[in-house]
Amino acid sequence: MAFAGSGAVAAATVARPGKRPPEPEPELEEPSLLGAPAPSGRLGSDPGLSDSDSEESVFSGLEDSGSDSTEDATASEEEGAGTSEQRSRMDRSPGQQARTPCSRTEVANVQGENEYAEDSSDEEDIRNTVGNVPLEWYDDFPHVGYDLDGRRIYKPLRTRDELDQFLDKMDDPDYWRTVRDRMTGHSMRLTDEQVALVQRLQRGQFGDVSFDPYEPAVDFFSGDLMIHPVTNRPADKRSFIPSLVEKEKVSRMVHAIKMGWIQPRRPRDQSPNFYDLWAQEDPNAVLGRHKMHVPAPKLALPGHSESYNPPPEYLPSEEERLAWEQQEPEERKLNFLPRRFPSLRAVPAYGRFIQERFERCLDLYLCPRQRKMRVNVDPEDLIPKLPRPRDLQPFPTCQALVYRGHNDLVRCLSVSPDGQWLASGSDDGSVRLWEVATARCMRTVPVDGVVKSVAWNPHPTICLVAVAVEDTVLLLNPALGDRLVVGSTDQLLSAFTPPPEPTSQPAHWLEASQEERQGGLRLRIHHGKPVAQVAWHGRGDYLAVVLATPGHTQVLIHQLSRRRSQSPFRRSHGQVQRVAFHPTRPFLLVASQRCVRLYHLLRQELTKKLMPNCKWVSSLAVHPAGDNIICGSYDSKLVWFDMDLSTKPYRVLRHHKKALRAVAFHPRYPLFASGSDDGSVIVCHGMVYNDLLQNPLLVPVKVLKGHALTRDLGVLDVAFHPTQPWVFSSGADGTLRLFT
């Protein structure tokens with residue numbers, strides 16, 4: 001329903017004398033909120049109306065819009081509202097009507113018209129007169145202040161959502177220069193001068209355009225000697241009258257000197273000081289106070305042999321006397337022979353007295369003496385405080401299962417992403433697929449060659465195993481587990497369409513024959529050179545291959561979906577031992593004999609070069625977070641790198657007695673393991689903290705043994721279960737073992 005008198009408001013715009021008449025606004029119908037009479041008439045009504053009625057009407061539209069209390073208004077009030085509003089509008093003067101702010105005019109604003117184009121402060125003065133009162137005081141009220149006539153300035157209705165604001169932003173070319181006035185709640189359009197002022201202030205310039213910050217400075221004082229003084233101020237009285245405060249200070253000091261509280265400085269004694277080198281160790285002496293002074297060694301006190309009347313057992317016999325005379329002076333126990341005299345008066349003068357005194361002086365003067373700083377340290381304190389292994393559980397502690405079936409040493413193993421299946425490759429020319437929980441061999445795939453590396457695709461929706469045999473990489477579909485995954489893998493491989501023009505590649509992709517497909521083989525990738533290792537990318541589409549020949553084509557990267565091969569390097573940096581993809585970023589880690597290089601695959605550049613300080617790197621593993629890596633070497637070292645910290649090793653562990661063959665990180669738990677030719681697997685706790693200031697915590701927790709040494713070889717490969725704290729190991733004794 002339209003509120004009463006809406007046409008009268010539009011028609012009652014009367015121009016003041018001497019002012020330009022405002023343009024007539026179109027007549028708008030403003031719907032009342034929830035059926036209640038519109039409060040606009042109440043705002044323009046007689047100020048004698050009660051404030052409670054005015055507040056009730058405003059709050060009913062602003063805050064309690066969802067309540068039903070406004071719908072219970074009586075019909076008599078609705079009828080009376082229209083007549084009273086018309087009456088009050090007719091009674092008001094034209095000038096008063098022109099100045100009256102309307103509380104709901106924001107709803108009826110015409111968007112296409114610029115409301116400030118023909119506006120002046122005299123025609124409609126809606127300035128807020130609350131002064132310096134904080135506007136937060138009006139947060140709980142429907143109005144934001146008062147105009148010059150003492151009427152309330154009501155907050156505009158904020159019924160516009162973000163979509164309306166976005167449409168305004170797109171349609172209104174001046175939206176960027178429109179700001180909201182906090183004093184009145186209205187939107188204001190900044191003029192060009194105001195926009196220029198804001199831009200100058202944002203650039204750190206002065207607000208006034210005409211101000212020149214670099215104008216020449218006026219030198220008010222010159223270096224020339226002037227006739228007249230700069231100031232002609234008369235001298236102070238205190239400059240020629242004795243100070244009473246200073247007089248009191250001087251009298252106090254004189255009294256202190258008389259009483260002996262202040263000692264006058266004595267003249268220094270210019271005579272040189274001589275120190276007694278052989279003074280007693282008196283702590284008050286100068287040498288006693290000297291920190292690094294070493295006291296002279298004391299002479300041994302005389303014993304029975306020095307007595308003028310020694311006991312008979314101290315007197316030498318004739319043979320002892322002859323033997324003493326034949327000895328060298330340095331070899332004699334005593335530098336004199338004991339003698340007996342009847343009385344002390346009969347003792348002659350000591351013949352070597354002056355010589356011994358002189359030797360003693362030389363000893364004291366020339367003997368180099370040094371103070372040894374001994375630190376009383378408890379040996380237990382030198383051992384680093386490491387947490388107890390029981391506090392670092394879970395980790396594998398005992399052997400649970402042994403997988404038997406291979407006839408020769410098992411060089412490699414790999415676990416499926418779900419942890420249900422295990423693939424192993426051996427020198428007996430076969431790849432075996434095991435069920436982890438039961439140690440049952442599910443399938444045996446003969447490959448007619450030594451299996452150097454096995455890698456299960458890490459993607460959970462792809463069931464593929466890459467096997468490195470001689471110069472070929474075989475892609476097997478083991479057909480284990482979910483049939484949907486097995487079928488989707490075959491569909492993925494069969495969806496490839498060869499390009500019309502085959503490009504030259506460093507490797508040849510060949511489809512398997514029908515007989516080979518029944519055995520599980522799907523693709524062959526021929527390289528012409530022996531393959532040493534295969535490694536999958538985390539997303540399962542890329543495969544890195546290491547070839548055991550020198551040259552820049554040692555590392556190849558294959559893309560499974562396009563069946564494309566490429567050599568990422570132009571030149572060689574030594575014999576490549578291992579490669580690994582970074583788990584989260586486009587990096588490739590390449591380990592040669594003496595260093596580990598980190599390459600950025602997108603930028604195609606070398607990012608870092610890590611120096612393990614080992615003779616020959618044998619294995620490589622990357623932490624699941626990607627910031628730490630470990631390297632094993634043939635000189636029985638395990639090197640931990642913190643790549644954010646340094647290119648030098650953070651920690652070097654020497655727990656194994658023989659060469660390390662394999663290292664591995666656990667995908668979920670803070671564990672890493674190493675397998676060595678001494679037949680043991682050492683499991684360590686390696687906690688990496690999110691706090692960059694806290695170093696990783698490396699604690700060896702368990703030594704797992706079980707493999708028998710064969711041909712001086714022990715554990716050849718190590719892998720963790722993807723979800724459980726279990727570790728698998730393959731050994732030269734032809735078995736695989738599970739430690740849980």
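The lining of the second largest cavity is made up of five nonpolar, four polar and one charged residues. That is a good place to enter this structure, which is a predicted model. The volume of this second largest cavity is about 50 Å³. Its walls are formed by Ser636, Leu638, Leu653, Arg654, His655, His656, Leu660, Ser674, Ile682 and Cys684.

**Cavities**

How does one look for such spaces? Rolling a probe the size of a water molecule over the atoms shows where empty space is left. Across the whole structure, the search turns up six cavities of 30 Å³ or more. The largest cavity holds about 130 Å³ of space. It is lined by 14 residues, and those closest to its centre are Phe569, Ser572, His573, Val576 and Val590. Two elements each give two or more residues to this lining: strand E20 (587-592) and strand E21 (596-600). By class, the lining of the largest cavity divides into five nonpolar, seven polar and two charged residues.

Here are the two cavities side by side.

| Cavity | Volume | Nonpolar lining residues | Polar lining residues | Charged lining residues |
|---|---|---|---|---|
| Largest | about 130 Å³ | five | seven | two |
| Second largest | about 50 Å³ | five | four | one |

**A residue in strand E20**

Strand E20 is also home to Ala591. Is Ala591 buried or exposed? Ala591 has a relative accessibility of 0%, so it counts as buried. Setting aside neighbours within four places in sequence, Ala591 is in contact with Gln575, Val576, Gln577, Arg578, Val596, Val617 and Leu620. One of these contacts, Val576, is also among the residues closest to the centre of the largest cavity. Leu610 lies 19 residues from Ala591 in sequence, and their C-alpha atoms are 9.2 Å apart.

**Nonpolar cores**

Now let us turn to the nonpolar cores. The largest one has 20 residues, and the members that touch the most others are Val473, Leu475, Val534, Leu543 and Leu560. Which elements give two or more residues to this core? They are strand E11 (465-469), strand E12 (472-476), strand E14 (521-526), strand E15 (531-536) and strand E16 (542-547). Leu560 gives a view of the surroundings: not counting residues up to four places away in sequence, Leu560 touches Leu464, Leu475, Leu493, Trp509, Leu523, Trp536, Gly540 and Asp541. Another core, of 18 residues, lies apart from the largest one and includes Trp421, Val447, Leu476 and Leu521.

**An enclosed strand and its partners**

Our last stop is strand E32, which spans residues 727-731. Why is E32 described as largely enclosed by the rest of the structure? Five of its five residues are buried, so the description fits. In a regular strand the side chains alternate between the two faces of the sheet. In E32, both faces are covered, with Val727, Ser729 and Gly731 buried on one side and Phe728 and Ser730 buried on the other.

E32 has pairing partners too. Strand E31 (residues 715-720) pairs with E32 in the antiparallel sense over five bridges, and Val715 stands opposite Gly731. Six residues link E31 to E32 in a hairpin. Strand E33 (residues 735-739) also runs antiparallel to E32, joined by four bridges. Here Phe728 has Leu738 as its bridge partner. E32 and E33 form a hairpin with three residues between them, and Gly734 in the turn has a positive phi of about 85°.

Notes
Residues are numbered from 1 along each chain as its sequence is written. This is a predicted model: local features need pLDDT of at least 70, side-chain atom pairs count only at pLDDT 80 or more; totals for chains, interfaces and linings use all residues. Side-chain values use heavy atoms; hydrogens and water are left out. On a 1 Å grid over the protein atoms alone, a cavity is a set of points where a 1.4 Å probe fits but cannot get out, and a pocket is an open set with protein on both sides within 12 Å along at least five of seven lines; lining residues have an atom within 4 Å of a point. Grid points are joined across faces, edges and corners, and a volume is the space filled by probe spheres set on the points. Ala, Val, Leu, Ile, Met, Phe, Trp, Tyr, Cys and Pro count as nonpolar, Asp, Glu, Lys and Arg as charged, and the others, Gly among them, as polar. A nonpolar core is a set of buried Ala, Val, Leu, Ile, Met, Phe, Trp, Tyr and Cys residues joined through side-chain atoms within 4.5 Å. Buried means under 20% relative accessible area, exposed over 50%, partly exposed in between (1.4 Å probe, protein chains only). Contact means heavy atoms within 4.5 Å. Two strands pair if DSSP finds at least two bridges between them.
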